Amino acid sequence: MARQNGIVQPLLTDLYQITMAYAYWKSGKINDVAVFDLFFRTNPFQGEFTIFAGLEECLKFLENFHYSDSDIDYLVQTLPDNIEPEFFAYLKDLTCKDIKLSALEEGSVVFPRVPLLRIEGPLIIAQLLETTLLTLVNFASLMATNAARYRMVAGKNVSLLEFGLRRAQGPDGGLSASKYAYVGGFDGTSNVLAGKMFDIPVRGTHAHSFVTSFSTLDDLSSAALRHAETQKQYNLLELATEWRTRVSAIVDVSPEEASDGELAALLSYAIAFPGGFLALVDTYDVKRSGLLNFCAVALALNDCGYRAVGIRIDSGDLAYLSVLARTTFERIAEAFKLPWFAKLTIVASNDINEETILSLNEQGHKIDCFGIGTHLVTCQRQPALGCVYKLVEINGQPRIKLSQDVGKVTIPGHKEAYRLFGADGHALIDLLQRSSETAPAVGQKVLCRHPFQESKRAYVIPSKVEHLYKEYWKDGRICISPKPLCEVRERVQSSLRTLRQDIKRNLNPTPYKVAVSDDLYNFIHDLWLQNAPIGKSTPPSRSKATRNAVCISPVLEGENDNSKGQKIRRSPKVVREMGAGGRMRRAGGASALRRKRQSPAAVLSAGRDASNETPSQNNVSRLTTA
């Protein structure tokens, strides 16, 4: 396990965590035991999956959690004078020995509402962990997800390099971006320190400034290069000049059009790195200078027993220029009987994002490798994942957070999570259930319910059941050692392969379903009714438009959500509960009154002040799941 980032320490937190800790301490809650869930509510980048990352850093944080003497001195100076000295002594002795952390495997594909981490232990210490755990998981998971999306649109045969350090949000943001881009599927980074710290392959060539620093061939101080095998010394400038004349006839470009300064720069770089010559060719003009000069130097290197690697294009029409370059290489390969020359690597950079790659794919580009920086490391399409950390149980008693926004209502209690698979090996649904419930079994029918929408439910008969949680930290030590980064990287790809293609597609993906067991569903709604305030009986004046409005919760990704214009594919293993003929039902009048119970979520979704009306007053159409 790599060393801990020195910035990650107990004071890397929000002040209110420490003020809450004092209030807990002052209230005598030292021995209270809590359960917190860390989860997110919406997938990023308008997609339907997320990659979980950051677990290794969380474990290192728990392992090293301790307030130093200087930490305590700072808190004494910063907190109000009325804080009792005994509290600081309490903080000084705090460790995570009584904390238990359960989590999904790092690199797993995950979905909204399924807790990524479950933290159990003394209330005060569990509360103090919140901000740091969130900052370790939020960006790591966002970055890994962004990288995984780039990997999918680029395809498995194209290399991806992370070039974003100079555009990242500070040094730590740059290091984290390099690490989790690699986890998400990138093949290397330009970040040298990240390469050292995380054992990531490091790649890079030269910048335009290197080329423009040469003006003429006289700037080349030495052109001598020894043959790779015979050690015979050659004049690389003479060889390249001769080859430039010969190649110009093939590519229909005059040697006089090409820049001598550029040729001098490429010769200088080739002499420095004869076995790894990959040159930037767009400093002046790719077609009339860069390609011609590169080919001349590459063929001169071949005379000396070396094979060039390829070119990088950093501006212009990347699709057109890559096709031009590939055609040029193929013509030279055929003309001079050098088959390897046709397969030279073409690297493209220049502010590339997902849409750029998709467009290049449509245009039939010939690029072998993309260097991606700004859009990758800054996650410009969505700058934050939005993980939250919520109390779900205290001293064995479940806790629920209510909200007018149904999407922000928490799922209470100590829970387990399972992934149910179909016979084709694809994941069907993630199921949350109370920890006291029996785990779902292969071949046994399981009732899966939307946590808040009463009519959304389905029977699933799984061919495989995967329990998602493992204990990673208990009794003050790491129970399961984090895997090397290369294995986490492979976990990402293997986990993504369990999803159907329509869930992973870039445009209008099919939502993946997350459900709760029937027992947990009833538990949620019983607790909701116990905690929800009872409204007054006087109904407010409302317009006709307001009375007929329907607020639909988007929480369960999946069942009848066709807002993105896609026909939802259903697994044959899912047997739907439906009315006769699958017709639309109207939840009003006597039919609603005959129900044994009305879901609080249904009441809430019918209007902001639905508690003032009976079910028969709500003119809400409900489509039975089909």
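**Exercise 1. Lys337 and Arg113**

Task: In this predicted model, determine whether Lys337 is buried or exposed, and do the same for Arg113.

Solution.
- Step 1. The relative accessible area of Lys337 is 67%. Exposed requires a value over 50%, so Lys337 counts as exposed.
- Step 2. Lys337 sits in the loop that runs between H13 and strand E12 (345-348). Its phi is near 55°, a positive value in a residue other than glycine.
- Step 3. Arg113 has 7% relative accessibility and therefore counts as buried, the cut-off being under 20%.
- Step 4. Arg113 also belongs to a loop, the one between strand E4 (109-110) and E5. Its phi is positive, about 75°, although Arg113 is not a glycine.

**Exercise 2. The buried side of helix H14**

Task: Find which residues of helix H14 (residues 354-362) are buried, and explain why they lie on the same side of H14.

Solution.
- Step 1. The buried residues in H14 are Glu354, Ile357 and Leu360.
- Step 2. Because these residues span an arc of only 130° around the axis, they fall on the same side of H14.
- Step 3. The general rule is that an α-helix has 3.6 residues a turn, so residues three or four places apart point the same way.
- Step 4. The cover over the buried residues of H14 includes helix H6 (130-154), helix H13 (318-335) and strand E13 (369-372).
- Step 5. Now look at the two ends. At the start of H14, a side-chain oxygen of Asn353 comes within 3.1 Å of the backbone nitrogen of Glu355. Just after H14, Gly364 has a positive phi of about 70°.

**Exercise 3. Salt bridges**

Task: State how many salt bridges the structure holds, and work out which parts of the chain are linked by the pair Asp37 and Lys415.

Solution.
- Step 1. The count of salt bridges is 29.
- Step 2. In one of them, the side chains of Asp37 and Lys415 meet at 2.6 Å, N to O. Asp37 belongs to strand E1 (residues 33-39) and Lys415 to strand E16 (residues 415-421); the pair links distant parts of the chain, 378 residues apart. Both Asp37 and Lys415 are buried.
- Step 3. Another salt bridge joins Lys179 and Glu56, with 3.7 Å between the closest N and O atoms. Since Lys179 is in helix H7 (residues 170-184) and Glu56 in helix H2 (residues 55-63), this pair ties together parts that are 123 residues apart in sequence. Lys179 and Glu56 are both buried.
- Step 4. Asp502 and Arg500 also form a salt bridge, their closest N and O atoms being 3.0 Å apart. Both of these residues, Asp502 and Arg500, are buried.
- Step 5. Salt bridges can also join into a network, as they do for Lys100, Arg118, Glu120, Glu416 and Glu471.

**Exercise 4. The seven-stranded sheet**

Task: Give the strand order of the open sheet of seven strands and identify which strands stand at the edges.

Solution.
- Step 1. The order is E15-E14-E1-E5-E3-E21-E22, and the pairing is antiparallel.
- Step 2. The edges are strand E15 (397-398) and strand E22 (477-478). Each has a single partner strand, so one side of each is left without a neighbour in the sheet.
- Step 3. Take one pair within this order: strand E3 (residues 100-103) and strand E5 (residues 117-122) are antiparallel and share four bridges. Ala103 is opposite Leu117 in E5.

**Exercise 5. Surroundings of His467**

Task: List what His467 is in contact with, leaving aside its neighbours within four places in sequence.

Solution.
- Step 1. His467 is located in strand E20 (residues 464-467). With a relative accessible area of 39%, His467 is partly exposed.
- Step 2. The contacts are Glu416, Ala417 and Tyr418.
- Step 3. For Ala417, the separation from His467 is 50 residues in sequence and 6.2 Å in space, C-alpha to C-alpha.
- Step 4. For Glu416, its side chain and that of His467 are joined by a polar contact of 2.7 Å. Glu416 is also one of the residues in the salt-bridge network.

**Exercise 6. The chain as a whole**

Task: Describe how many helices and strands the chain has and what share of its residues is buried.

Solution.
- Step 1. The chain has 21 helices and 26 strands.
- Step 2. Of its 626 residues, 54% are buried.
- Step 3. The exposed area is about 28000 Å², of which carbon and sulfur atoms supply 50%.
- Step 4. Consider the contacts between residues at least 6 apart in sequence: 76% of them join residues at least 24 apart.

Key:
Residues numbered from 1 in each chain as written. Predicted model: local features only at pLDDT ≥ 70, side-chain atom pairs only at ≥ 80, totals over all residues. Heavy atoms only, no water. Buried < 20%, exposed > 50% of the residue type's maximum accessible area, 1.4 Å probe, protein only. Helix = DSSP H or I, 4+ residues; strand = E, 2+ residues; numbered from the N terminus. Arc of directions from axis to C-beta. Contact = heavy atoms within 4.5 Å. Polar contact = N/O pair within 3.5 Å; in protein donor to acceptor, adjacent residues only side chain to side chain. Areas by Shrake-Rupley, 256 points an atom, 1.4 Å probe, with all protein chains shown as cover. Salt bridge = Lys/Arg side-chain N within 4 Å of Asp/Glu carboxyl O. Pairing = 2+ DSSP bridges.
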